[in-house]
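User: Got a structure with a ligand that I'd like to go through. Can you back up each label with its cut-off?

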Amino acid sequence: MDNVWVVFVTALILFLSIVVLTFFQKLFRLKSFKSRDNHQLPLGSMGWPFIGETADYVSSAYTVGPDAFINKRRSMYGKVFKSHMFGSPTIVSTDAEVNRFVLQSDATVFVPCYPKSVSELMGELSILCINGRLHRKIHCLVAGFFKSHRLKSQITTEMQSFVQQSMANWNEDRPVFIQDVAKSIAFQLLVKTLISLDPGDEMDLLRKHYQEFISGFISLPVNLPGTMLHHSLQAKKKMRKIVQKIIQEKRDRGLYKDPKDVVDLLLKDASGHCDKLIADNVIDMMIPGEESVPVLVALAIKYLSESPLALQQLTEENMKLKRLKDQNGEPLSWKDYMSLPFTQKVITETLRMGNIIMGVFRKATKDVEVKGISIPKGWCVFTYFRSVHLDDTNYDHPHQFNPWRWQNKDMSSTTFTPFGGGLRLCPGLDLPRLEASIFLHHLVTRFRWSAEEDTIVNFPTVRMKRRMPIWVKKVKLD
Ligand code: HEM
């Protein structure tokens with residue numbers, strides 16, 4: 001009899017708790033709906049108090065990849081859903097139009113938002129964190145410089161030389177790790193473009209500090225001696241010292257008047273940017289060079305190794321160009337590389353499938369409404385590009401590597417945003433295409449190669465698990 005009472009009382013307490021919880025939940029929802037003029041928050045779950053769904057997202061992203069968390073909720077709640085991630089209530093959008101709206105909005109509506117460890121490492125003056133007029137000014141300056149023909153010619157000459165030096169040391173009896181090779185080349189190239197530093201001891205030291213700096217990006221936001229974040233911030237200080245010394249020399253000798261690198265450009269600009277702003281931005285711009293461009297190259301090799309027809313067409317296209325140029329005794333120009341039609345389609349398809357930047361975070365600076373969805377002030381939006389790029393309503397057989405799909409497809413559509421969009425559209429977007437194209441050209445015209453098995457890791461950043469090992473055999477040219 002006692003047992004029956006215990007079960008009865010427990011069931012009653014449970015029932016009452018559920019009633020009370022449901023009442024408060026409904027009350028809260030009602031309040032938020034009413035305050036938003038018929039627009040409503042999308043469906044979704046806010047997860048646990050304080051931590052929200054961060055642990056779910058991170059653990060499933062590490063184990064099965066970032067899509068599992070997103071796809072599950074997308075099928076339950078729709079293309080746009082609410083969640084609570086990285087300490088903030090968040091709207092996750094896998095909808096191309098909502099993403100476009102967010103990307104196109106300026107800082108009066110959305111500002112970038114990063115995990116605390118990342119924004120501490122970037123610093124408040126980084127192009128990634130600043131807003132308004134200063135951001136526009138620096139973005140335009142940098143984008144103009146990266147687009148200039150002069151820079152592209154300079155990059156082509158240097159990249160060819162770095163690639164040739166590296167390939168001269170490739171051996172037929174051991175594998176070449178493409179991701180490592182591409183990293184080393186891309187870093188040298190970018191440091192030259194940013195501060196005109198040539199390979200040597202100072203560059204090696206800068207790279208050593210850079211690697212310590214980058215290791216703190218995915219760390220706990222605790223800046224105390226001994227923590228990863230502290231160690232990274234110290235490394236950034238050392239990098240800043242090297243870069244500021246270079247800035248000072250340029251200032252003293254008036255070397256920046258005919259800009260040859262990004263430092264010159266910022267020094268020459270009449271706004272008189274302080275050395276810290278210049279140094280910090282230059283350091284932050286090393287990140288895409290060292291991280292994303294090499295991954296693009298490694299991914300292209302991975303996809304080509306699994307698509308013999310695409311590899312054959314790419315090789316034929318590049319051999320044809322090489323023969324033509326050799327016959328005329330002309331060197332290849334950046335325009336030659338950028339106008340290889342099939343090679344560029346391979347790069348585009350790699351960007352779509354590879355999703356090197358899986359999405360970006362923004363924070364709403366006021367209540368916003370888009371497509372009948374309400375985004376409250378202070379909430380974050382995670383524009384998740386991966387889902388849009390891998391959605392079968394946007395791309396037939398989206399998980400199939402198919403460079404030919406770009407034959408009649410518009411690259412500037414809202415469903416293709418590997419470089420983001422709007423005011424923060426990647427200002428360096430031509431450089432990955434150019435660098436990847438040069439690398440692929442020299443690889444397929446000088447070697448026959450076969451790849452070892454490797455896996456793409458998609459979280460926390462995209463990379464090849466085994467650094468993309470390939471075996472090469474030199475081609476004998478007639
Ligand atoms: C495959 C290579 C690359 C990919 C996929 C990529 C992608 C992106 C994306 C998605 C953004 C937008 C971020 C946002 O909206 O918050 C961005 C911004 C940016 N990228 Fe790239 N990028 C690449 C290479 C480069 C290179 C080589 C550079 C040159 C140094 C560069 C410099 C920048 C800068 C400075 C920004 C910040 C722009 C701003 O906030 O105004 N990126 N990139």
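Analyst: Sure, here is how the labels around the ligand come about. This is a predicted model, where local features need pLDDT of at least 70, side-chain atom pairs count only at pLDDT 80 or more, and totals for chains, interfaces and linings use all residues. Residues are numbered from 1 along each chain as its sequence is written, and side-chain values use heavy atoms, with hydrogens and water left out.

User: What makes Cys 426 (SG) a donor to the iron atom of the ligand?

Analyst: Its distance is 2.4 Å, and donors are N, O and S atoms within 2.8 Å of the metal (3.2 Å for Na, K and Ca). So SG qualifies, and Cys 426 is the single donor from the protein. Water is not among the atoms, so sites may look incomplete.

User: Why is Cys 426 called partly exposed?

Analyst: Because its relative accessible area is 25%, and buried means under 20%, exposed over 50%, partly exposed in between (1.4 Å probe, protein chains only).

User: Which side chains make polar contacts with an oxygen atom of the ligand, and at what distances?

Analyst: The cut-off is a pair of N or O atoms within 3.5 Å. His 139 comes in at 2.6 Å, Arg 362 at 2.7 Å and Arg 424 at 3.0 Å, so each pair counts as a polar contact.

User: What is the make-up of the shell around the ligand, by class?

Analyst: It has 15 nonpolar, 5 polar and 2 charged residues. Ala, Val, Leu, Ile, Met, Phe, Trp, Tyr, Cys and Pro count as nonpolar, Asp, Glu, Lys and Arg as charged, and the others, Gly among them, as polar.

Notes: Polar contact = N/O pair within 3.5 Å; in protein donor to acceptor, adjacent residues only side chain to side chain.
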